[in-house]
Amino acid sequence: MEEVDAPVVGHLEDIPVGEGRAFAVAGDQVAVFRLRDGSLRALDAVCPHRGGPLADGLTDERVVVCPLHGYTYDLATGQEMSSGATGVCAYQVSADEGGAIRIGPRIAR
Amino acid sequence: MTLLEEAPAARNGHEPSRSRLVVVGNGMAGVRAVEEILARDGAGQFAITVFGDEPYGNYNRILLSNVLAGSDDTSEIYLNPVDWYTDNDIDLRAGVRVVRIDRFAKVVLADDGSTLHYDRLVIATGSRSFFPPMEGMWADNTTLTAGVFGFRSLDDCSGMIDYAAGKARAVVIGGGLLGLEAARGLQNRGLEVEVVHAAPTLMNAQLDDDAGAILRRSVENLGITVHTEKRTEKVLSADGAVTGIEFSDGTQVPCDMLVVSAGIRPNVGLAVRAGLTVERAIVVDDHLRSVDDENIYVVGECAQHRGQVYGLVAPLWEQATVLAEHLTGTNPKAVYQGSRMATKLKVAGVDVAAMGLKHPEHPDDEFVQFSEPRNGIYKTIVVRDGKLVGATLVGDVSKVAFLMQAFDRGLPLPEERISLMFDLGTPSVEVGAAELADDAQVCNCNGVSKAAIVSCVQGGQKTVSGVSAATRAGKGCGSCKGLLGQVVEWAAGGAVEEDASASWYVPGVPYAKPELMRLIRELELHSVSSVFAALAPEAAEDAQSKMGLASLLQMMWAEEYVEEHDARFINDRVHANIQRDGTFSVVPQMKGGVTSSEQLRKIADVADKYEVPLIKLTGGQRIDLLGIRKEDLPAVWADLDMPSGFAYGKSFRTVKTCVGTDFCRFGVGDSTALGIAIEERFKGIAGPGKMKLAVTGCPRNCAEALCKDLGVVAVEGGRWEIYVGGAAGAHVRKGDLLATVTSAAEVMTLTGRFLQYYRESANWLERTYSWVPRMGIEHLRAVVVDDSEGIAERLDAEMQKAVDAYRDPWTDGREPATPGQFRPSLPLTVLPQVPVR
């Protein structure tokens, strides 16, 4: 993913491989996921269904599953996959060589 | 002098495309066939003429018994009044009997002297009452003795009603459906009625001896006298009117009128004279055509298909549909393959339903029988290869809708066969899909209605898991999965596609549990990521599969299992149960539900220090601290300084106990000590589902051991009963008795072995209340108690390994396992959202 030009919100070491962590970005809460292939994804941190914490969800290379009721979001687009419910926003995200994480603008769906 | 009344060429001259269809018989079968033909635009192809020897429109013969009983007026039973024929451009010849068919000239001749050409002919002549040979029955060759009636037509019915006025006693010969209906009808009209039946059992065509006996009691309770195994030899009369009957043994029954309902005979004379093959009835092929003449179709009670003659209305409808599809060419491949015989009726006020087999026929057939003669209730079920092949219900037909569906469509049946007969407290799983209202909520967790499921199926989703994914039905507690399957099946009309992944242990790795375990062992896969890499299609990870795999690997490898936190559900990552606001609940270990003032003081201090919004006693006799912030978890554990109570995982949860012998004046076994010992040994053991246990000190069962995954009950004489597979949650089930043992040590051994066997062979998330009935308690007893498979020693050793691998996860708190393990995920500025009580 291309380098994002934005303030650093955190560090790669904050996120264990395969998990997600939430960060505050200019008033928004964004969950950043570090996939097992090393790449990063970023989605709104709050599940639009009942406010579940997406950063606590189980992930694979494609989706994150909300821990409260199982709504499943595409990590690249934010689209809800299990039943076509309301999706979330996806954000550009990158880490530089030093591991500094930057979250960019929303990715248009 | 036979003139063609209307030369076909003349009429067809105007409409060259219309050929003539002649229907002989204006009963339910003939007219239903015409309706089906019209529905397929048959009016464009055919000019239709219907002959009926009764001078009426088409009426519902089934309702004649209501007319006789006075609950329906004759005008209420018409299906198609004469206007209907006019409106549909059908030439109705009511009261005109066809007397001959000339197949070579393709002409029918009627008793009014008319003749009519046909291109296609439908014979629907039905059947007539059978009058067994009896001295004195007939006044002359065609006239019955006054006061003697058949019970078949509207005229029979009106005749009986007129004659019954002012009469006191009636006899009905024939204890089948119609005979009993006639008896009830006449009784309603104030007559004293006796029923005479030649066979030992009433309604012997549909019912077995036990059911017939119960029906007999119910009929007799209505005040109708029943004679069985009586052959009537004579009809007695005086002044040309009936006065009684005489049996072959010489005894007599006096009566003022006699109804003969001793069976029916198909009207086949016309067909015989036309040279068509007739056995019990007119023989037809799978298109309902005479086997001799491709222009002649036969439908209803006068048709014999594959050796069967049907006398019920449902098969007749199926026949009419096939006939119409074939005749109109809308579906030239339409074939009739016979009907499954199922019937539900009220016989003389008693509900009766019968379908398929009356008795098991093969050694492997399952037969479930329930008999309660005092209340007039009798039920049997015959199951073959997991499918319903027969059922009889007398007195209580509340389950008939589902049974008929299961019978017709071969639906999957509940494991507990008894629930086919009764509602056992399980929420609506047995309610038939068809009888559910559209807005009925199928999934009570996610609020999914029957209509939503049906529309999903109609939208093309043909697998249960597909519908479940798309609608979220069945994704809550899972207790509606049975009903969901039925509704999908029903909506798809039997076209449900088998879901290949249904047998897989987890959705993302295409193996059932035994094969998956074999491969994991063979390839020595110790971590979830290695399982995906080795066994998943394209080595792809699957989020939905991780939790199940982590649990399985932990069970299989114990100490050697390689933990990967990202494969764990959040509860297992932070060893607490996530709540709706993203906070967590903390339940400290409290073995057997026994605590101390010191523990209580610590818990109270923690609650104060962390401003715990809610302190709650759980169903498993523990103390739950709710609303703990994720980042506070390690400090809460440190301050509690108590081990985890494991109230968050698919794991061994709790052992609920009663007071036992120490204080209770009734206790016969030290349930508290045993419960504590069991929990001490098996605490935290992971499994495919939760394991909730109980030990209770006497049969009063205060610890509710009968509805636990494993429950132990002390009984007098120093013995312990072990029950397994109980439940009292979304599903309610009493556990099955696994064994009765004489020592606490044996309880420990069998508990460990049972739990290990469950861990190894149950599906992911399959609780013991499903698994135990699936495996069968006999099988479990053989394996766990009698070691029939020689694996007891291995099971014990595996369990010992799991016990040895136990470590208290709350020690994690002192040194986080991963960076940010306890970092809040939501909201970043903590705002309590659950109201504080």
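These are my notebook entries on a predicted model with a chain A and a chain B.

**Entry 1: chain B on its own**

I began with chain B and tallied its secondary structure, which comes to 25 helices and 40 strands. Then I looked up burial: of the 837 residues of chain B, 52% count as buried. I also wanted to know how far apart in sequence the touching residues are. Taking the contacts in chain B with a separation of 6 or more, I found that 61% are between residues 24 or more positions apart.

**Entry 2: the nonpolar cores**

Which residues touch the most other members of the largest nonpolar core? I got Ile520(B), Val586(B), Leu625(B), Leu633(B) and Leu640(B), out of 70 residues in that core. The element that gives the most to this core is helix α17 of chain B, residues 543–557, with nine residues.

I clicked on Ile520(B) and listed what it touches, skipping residues up to four places away in sequence. The list has Leu525(B), Val531(B), Leu535(B), Leu552(B), Leu553(B), Met556(B) and Trp557(B).

There is also a second, separate core, this one of 54 residues. Val96(B), Ala110(B), Tyr118(B) and Leu270(B) are included in that second core.

**Entry 3: helix α14**

Next I went to helix α14 of chain B, residues 481–491. I noted a run of buried residues there: Leu483(B), Leu484(B), Gly485(B), Gln486(B), Val487(B), Val488(B) and Glu489(B). What do the buried residues of α14(B) pack against? My answer is three helices and a strand of chain B: α11 (400–409), α12 (450–458), α13 (464–471) and β28 (441–443). Just after α14(B) I spotted Gly493(B), which takes a positive phi of about 60°.

**Entry 4: salt bridges**

A reminder to myself: side chains of opposite charge can pair when their charged atoms come close. Over all chains I have a count of 46 salt bridges.

I looked up a few. Glu36(B) and Arg40(B) meet through their side chains at 2.8 Å, N to O, and both Glu36(B) and Arg40(B) are buried. Another salt bridge joins Arg289(B) and Asp285(B), at 3.3 Å, N to O. Is Arg289(B) buried or exposed? Arg289(B) counts as buried because its relative accessibility is 18%, and the cut-off for buried is under 20%.

Lys546(B) and Asp566(B) form one too, with their closest N and O atoms 3.3 Å apart. This pair links distant parts of the chain, since the two residues are 20 residues apart. I placed Lys546(B) in helix α17 of chain B, and Asp566(B) in the loop between α17 and α18 (570–574). Why does Lys546(B) count as buried? Lys546(B) has a relative accessibility of 2%, so it counts as buried. Asp566(B) is also at 2% relative accessibility and therefore counts as buried.

The bridges then join up through shared partners: Arg36(A), Glu541(B), Lys546(B), Glu564(B) and Asp566(B) belong to one network. That list has a residue from chain A in it, and it took me to the interface.

**Entry 5: where chain A meets chain B**

How many residues does each chain put into the contact? I found 35 residues from chain A and 33 residues from chain B. Together the two chains bury about 2700 Å², and 51% of that is on carbon and sulfur atoms. On the chain A side, Arg36(A), Asp56(A) and Leu58(A) supply 25% of the area buried against chain B, more than any other three residues.

For charged pairs, I counted five salt bridges across the interface. One I looked up joins Asp56(A) and Lys630(B), at 2.6 Å, N to O. I also logged 12 residue pairs in polar contact between chain A and chain B.

Which elements of chain A give two or more residues to the side that touches chain B? They are β2 (20–25), β5 (58–59) and β6 (63–65). The largest share comes from β2(A), with four residues. By class, I sorted that side of chain A into 15 nonpolar, 11 polar and nine charged residues.

**Entry 6: a last look at Met775(B)**

I finished at Met775(B), which is in helix α23 of chain B, residues 768–775. Leaving out neighbours within four places in sequence, Met775(B) is in contact with Tyr757(B), Ser761(B) and Leu780(B). I also checked Met775(B) against Ala762(B): they are 13 residues apart in sequence and 9.2 Å apart in space, C-alpha to C-alpha.

Note on methods
Residues numbered from 1 in each chain as written. Chains lettered and ligands numbered in written order. Predicted model: local features only at pLDDT ≥ 70, side-chain atom pairs only at ≥ 80, totals over all residues. Heavy atoms only, no water. Contact = heavy atoms within 4.5 Å. Buried area = accessible area lost by both parts, 1.4 Å probe. Salt bridge = Lys/Arg side-chain N within 4 Å of Asp/Glu carboxyl O. Polar contact = N/O pair within 3.5 Å; in protein donor to acceptor, adjacent residues only side chain to side chain. Nonpolar A, V, L, I, M, F, W, Y, C, P; charged D, E, K, R; others polar. Core = buried A, V, L, I, M, F, W, Y, C linked by side-chain atoms within 4.5 Å. Buried < 20%, exposed > 50% of the residue type's maximum accessible area, 1.4 Å probe, protein only.
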